[in-house]
Number of protein chains: 2
Amino acid sequence: MINSEKFIVTKNPTLEDAAAIIGKVLVNKKILIIVGNFKVIYNGRASSNLEYGERILIVKSDGAILIHRSFGYEPVNWQPPGSILHVQKKSNILEISAIRHNPRETLKILFDKIFMISTFSLDDFADFNLFASEKDMHKAILLKPSLIEQGFKPISYEKKVDPGFIDVYGVDKNGKLVVIEVKRKIAGKYAVLQLAKYVTAIKRKSDRDVRGVLVAPNISKGIQNLLFSLELEFIALDPKKCANLLKKPKDKKLELFFNKTF
Amino acid sequence: MINSEKFIVTKNPTLEDAAAIIGKVLVNKKILIIVGNFKVIYNGRASSNLEYGERILIVKSDGAILIHRSFGYEPVNWQPPGSILHVQKKSNILEISAIRHNPRETLKILFDKIFMISTFSLDDFADFNLFASEKDMHKAILLKPSLIEQGFKPISYEKKVDPGFIDVYGVDKNGKLVVIEVKRKIAGKYAVLQLAKYVTAIKRKSDRDVRGVLVAPNISKGIQNLLFSLELEFIALDPKKCANLLKKPKDKKLELFFNKTF
DNA sequence: ACATACATCTCGCGA
DNA sequence: TCGCGAGGTGTATGT
């Protein structure tokens, strides 16, 4: 229970003791994990009610709040970073409330039993690196346009048109304009509609021939017909292959490319 | 440390002790919370790397895995329910790995220090009730069609068309067909495209006049023009108002309505 | 602040 | 199993 300890763990505290511990944590911006029996009331964009049951509450240093049941990936209730917390003891209940603004949303957590409280800080300054995002695919195409086809030349990246952005815009070996829509997973109906919109937007502005190309690892079954009827094309490209391309020492070339202003 | 305890909390265990505790938990399908210093490697749909740092690991009864840093709503790494876990001690490192199939994805967690392990079960059988969902708006419209306009009569609910479902389909006081697309928050471009698709699908099948109506609390700014050019309409409806309507004793009437097969 | 689009989205429903 | 759409989606990136 000495405050200099990195970890303070208290089992089966009284609600009074719990209130004191939590109060200190909220001031010190430590992390808080509570396992207990509680109910949850949420009001905001929607509302929800969850009756008493045993769950896990996590309060992070930045005010993020997560309530997890014994199953599932998602928290059953939560509050995003920046929420303001209050704790108060009311007769036989310990109430933690958290408010966010814009949109205004309130979360009330009512404990009638706490099994464990744990409070601590975390030293964690590591970078998180993710590979094979859609952006990695964009970069790979710009770095090596032959991923699309021989003779393809990119003109611009994230080109603004009518209502949105064309992922990659270029010219093929015959001088036809090429509009490319990139998806990092199997492309469905919306990807095609998006592409079609961009193609028609470009066609309105130019007399030249315009090709619309959907680039993705694959397309969903029903889409082949839709693509055909809209006179659009599909070219297969795997996001992980793109990520590997970017890991190679050619990185410098890519930097140069990205430093050019289109 | 006696097994009959609901909670077992161990501070600063050796990695050997930790491995033993974790091994038992995985067999007993208990919940596991570990706070420690570890790195994380993910490979699957994408890949990621997170170097050593102090974080929280949660393993749930259903195999869901969450890794949380000291900040943010989202877990930095995770594995969904149903993942298969293994634990093993390798020289000075404790490795927990979790595999899922379809898609095949692997998560490796390498500990070099554990500050706390906590294991327990949670009794939680409460229902979670959420109000003001889009479905609540559908129900409210069916219960009280005048929310759309005087004389509107619903014909069918979630009507299957070309590639998707029309939220609510009906007839207005002049006998025109009405296709309604409902959104529970400010509607943007996609909502309009969706509605437009359904309207054209209906027009292909019928000679009657067809109206397309977007129902939402509001629409984003740029959309007004798009709606106009596509000859679609907007009607404002608040999801929370709908939820309140449904809470009233008229519930029984609604049940009757929903038990009718369209 | 508002709007748009991505996400290892997750989750549920239907075919 | 695949495909589609909702979500208190959250999060980043513009304008």
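Visitor: What makes the approach of K185(B) to DNA strand D a polar contact?
Guide: A polar contact is a pair of N or O atoms within 3.5 Å; within protein, one must be able to donate a hydrogen and the other to accept it, and residues adjacent in sequence count only if both atoms are side-chain atoms. A polar side-chain atom of K185(B) lies 3.3 Å from a phosphate oxygen of the strand. That value is within the cut-off, so the pair counts. R184(B) also reaches a phosphate oxygen with a polar side-chain atom, at 2.2 Å. E134(B) uses a polar backbone atom, 2.9 Å from a phosphate oxygen. The elements giving two or more residues to this surface are β5 (77-79) and α3 (189-205) of chain A, with α3 of chain B. Helices (H or I, at least four residues) and strands (E, at least two) are DSSP runs, numbered from the N terminus.

Visitor: What kind of model is this, and how is it labelled?
Guide: It is a predicted model: local features need pLDDT of at least 70, and side-chain atom pairs count only at pLDDT 80 or more, while totals for chains, interfaces and linings use all residues. Residues are numbered from 1 along each chain as its sequence is written, chains are lettered from A and ligands numbered from 1 in the order written, and side-chain values use heavy atoms, without hydrogens and water.

Visitor: What makes a residue count as near DNA strand D?
Guide: One of its heavy atoms must lie within 4 Å of the strand. There are 27 residues around DNA strand D, and W78(A), K189(A), L130(B), K183(B) and R184(B) come nearest. Sugar and phosphate supply 80% of the strand atoms within 4 Å of the protein.

Visitor: How do you know that R45(B) and E105(B) make polar contacts with DNA strand C?
Guide: Set the distances against the 3.5 Å limit. A side-chain N or O atom of R45(B) is 2.9 Å from a base oxygen. For E105(B), the distance from a side-chain N or O atom to a base oxygen is 3.3 Å. Both values are within the limit, so both pairs qualify.

Visitor: Why is the charge of R55(A) said to sit over the ring of F38(A)?
Guide: The rule asks for NZ of Lys or CZ of Arg within 6 Å of the ring centre and within 35 degrees of the ring normal. The charged end of R55(A) is 5.8 Å from the centre of F38(A). K160(B) sits over F165(B) too, at 5.4 Å. Each distance is within 6 Å, so each fits that part of the rule.

Visitor: Why are the two copies described as related by a two-fold rotation axis?
Guide: Chain A is laid on chain B by a turn of 180° and a shift of 0.0 Å along the axis, with an RMSD of 0.4 Å. The copies are therefore related as by a two-fold rotation axis. In chain A, V9(A) has the C-alpha nearest the axis, 3.9 Å from it. The superposition is by least squares on C-alpha atoms of residues with pLDDT of at least 70 in both copies.

Visitor: What makes the bond between N102(A) and P103(A) stand out?
Guide: Most peptide bonds are trans. This one is cis, with omega about -5°. P103(A) is in the loop between β7 (93-100) and β8 (105-120) of chain A. In chain B, a cis bond joins N102(B) and P103(B), again with omega about -5°.
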